[in-house]
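Work through the following exercises with the sequence and the model at hand, and compare your steps with the solutions given.

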Amino acid sequence: MKLQARYNYVNLVTTIIVLLITGIIYYQAISWILTRQKDKDLKVEEDEIYEYVALNHHLPQTFESNDQQITFTDAKPGSVKREFINTDYYKRWDRDKGFKRRNHRSEGEYESGRGLVTSVTVGDKYYKILIVESKVETEDLIRLIFIITIGVILLLLLVLLATNRFILNRLWKPFYNIMKELRLFNIADAREIPKLETDIDEFEELNTVVLDMASKAKHDYKDLKIFTENASHELMTPIAVINSKLDTLIQTENFSERQSKLLNDLYSAVSRLNRLNQSLLLLVKIENRLLHERQQINLRELTEEMVMQFEEIFQDKGLKVTCALNDKQIYASPYLTEVLLSNLISNAIRHNYKAGEVVISLTGESLVVQNTANMAELNEEKIFARFHKSSGSEGSGLGLTISKQICENFGFSLKYSFEGMYHTFTVGF
Amino acid sequence: MKILIIEDEEGLRESIEEYFSEDGNICETAANYPAALSKISVYRYDCILLDITLPGGSGMDILKNLKANNHPDGVLILSAKNSLDDRLDGLNLGADDYLVKPFHLSELKARVSAIIRRKTFNGSNMLLFNELTIDLLAKEVKVGQSPVKLTRKEYALLLYFIANKGKVVSKNAIAEHLWGDGIDMANNFDFIYSHIKNLRKKLMEAGCNDYIQAAYGMGYKFTEQ
């Protein structure tokens, strides 16, 4: 849930609850005030009756007005308790409301009313008095107030939502900017996260923390790279010594078959160690963008050369090589392009089976290297990871990582797919 | 030929010295910058193997010193840094070649031979070995008077063998020399065998002696015996 949505939700619910509660209180208060008003009116009426009786010693003429009815009934003396009641007010249709009379068979309708039950003694006779006043106007008033209140609630909500949206969007803008920068952040990139202009302390703090973190991460990463580079360089010397000692050792002659087998194994191990080391160094260099010399390269010619270079190895494995190469010029580092081609082609050879196939095609859009292999479809995410190797692979586990890095460096894409029986690597220009 | 090995790593220095000395060459060594500097200011060498990172100074300064004094010594830079900039710097300063550590001694020998050939024969591009005549410019091989048609790789192989004559050259070294770094995908080096077989056959058909011997399944040896 977005912060804004959650905020609006909470806001909405609390506003509605608060407004409803105030609405109820409001209603009750108005209703109470108006009822008291009515009760006063009723008391005035009662007083008038008392005055009339005291003056004239008989009951006043009962008449009916639009909003008041007075009835006198005989009652046992002392049986009437004076009280205000909520009751019905039977309203007869007026002449001027003729249309209503036509629509109704009855002569009137009940409306809610407020009544006062009281008593009066005229001479020796005891009467119960019921004064009823219509509450219609009161209720109309309350209804009006209610409608206005609802209207105000809705308006308020609308305004709140709109301002919230506006204010939140504006207020949170620095936050989203930081997020965007974080998303763009690349530890290997030289690009720094820019300092944010904001008056809000929290965001400024967040920005500072993010900047610190980024620079620390970059610093650590740089340290790590320097370490890798130094370690690789330092390794070169002992490898060189081992290599040269092996070269010297085989000059001493008279080896048994067992010894020469051991020496061969040593040679392969040393050369693997060397290649691994070279690959690590190369990777560091590509990531550091140290190999930036670029020029126009005829990729078709380079690919042809590469295939020629591998000819004996293709033959040795009995691989059928199919090339469909069109002219394609790229602007890239010749060295890295060679490494890329060499990696892709040697993978196609290494993971192939005897008498398998390698298909290389070059078009204006892409370079595709396909090969048959004993393996099922590979996991695209894993194969580009460092040191990911298929079982039994003699490679360094860095070849595809390097290839991917080179492609990224050139702004190309490198994708894997499994088509039919072919493992397919596509470099998209 | 006379060679100066400027290399601070003792193991490597000794191996190189041993590998080059057997051939009747004169090898001198220097383990640090001052020693190297005093050697080059007094003696001249056919080829100087120059390590870049030296105790007491940089190999590049030695190279500069040589060039400033117009000394004609061939220089082969040995560097642990496989960096294009370093390579270009070295070659721009007048080094003849640049070899990245680690290397096979046979590769080093082949490179040194090439440098010395260029220096000493000065325009003459013929390499002679008994009945073999190799025109380095035209890349043509003759046994006596009869030409031998070799593929590019067979030709490179022959030169490599001649540069390392009398030495056992490992299959790894041959493979890396002929196929470069891409060689690592080969599970074994059996295909080298077919190249060597072809080269041998072509040479012998032209009337050449069989100089190429297999050495204990580890490599080959180009030898007169």
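**Exercise 1.** Determine what share of the residues in chain A is buried.

Solution. A residue is buried if 20 or more other C-beta atoms, placed from the backbone, lie within 10 Å of its own, exposed if 12 or fewer do, and partly exposed in between. By this criterion, buried residues make up 20% of the 429 residues in chain A. This is a predicted model, in which local features need pLDDT of at least 70 and side-chain atom pairs count only at pLDDT 80 or more, while totals for chains, interfaces and linings use all residues. Residues are numbered from 1 along each chain as its sequence is written, and chains are lettered from A and ligands numbered from 1 in the order in which they are written.

**Exercise 2.** Locate Gln315(A) and decide whether it is buried or exposed.

Solution. Gln315(A) lies in helix H8 of chain A, residues 311–317, where helices are DSSP runs of H or I with at least four residues, numbered from the N terminus. Gln315(A) counts as exposed because it has 12 C-beta neighbours inside 10 Å. Its C-alpha is 9.9 Å from that of Lys354(A), although 39 residues separate the two in sequence.

**Exercise 3.** Describe the side of chain A that touches chain B.

Solution. Taking two residues to be in contact if their C-beta atoms, placed from the backbone, lie within 7 Å, one finds 39 residues of chain A in contact with 33 residues of chain B. On the side of chain A, two or more residues come from each of helix H5 (201–249), helix H6 (257–287), H8 and helix H9 (334–350), and H5(A) gives the most, with 11 residues.
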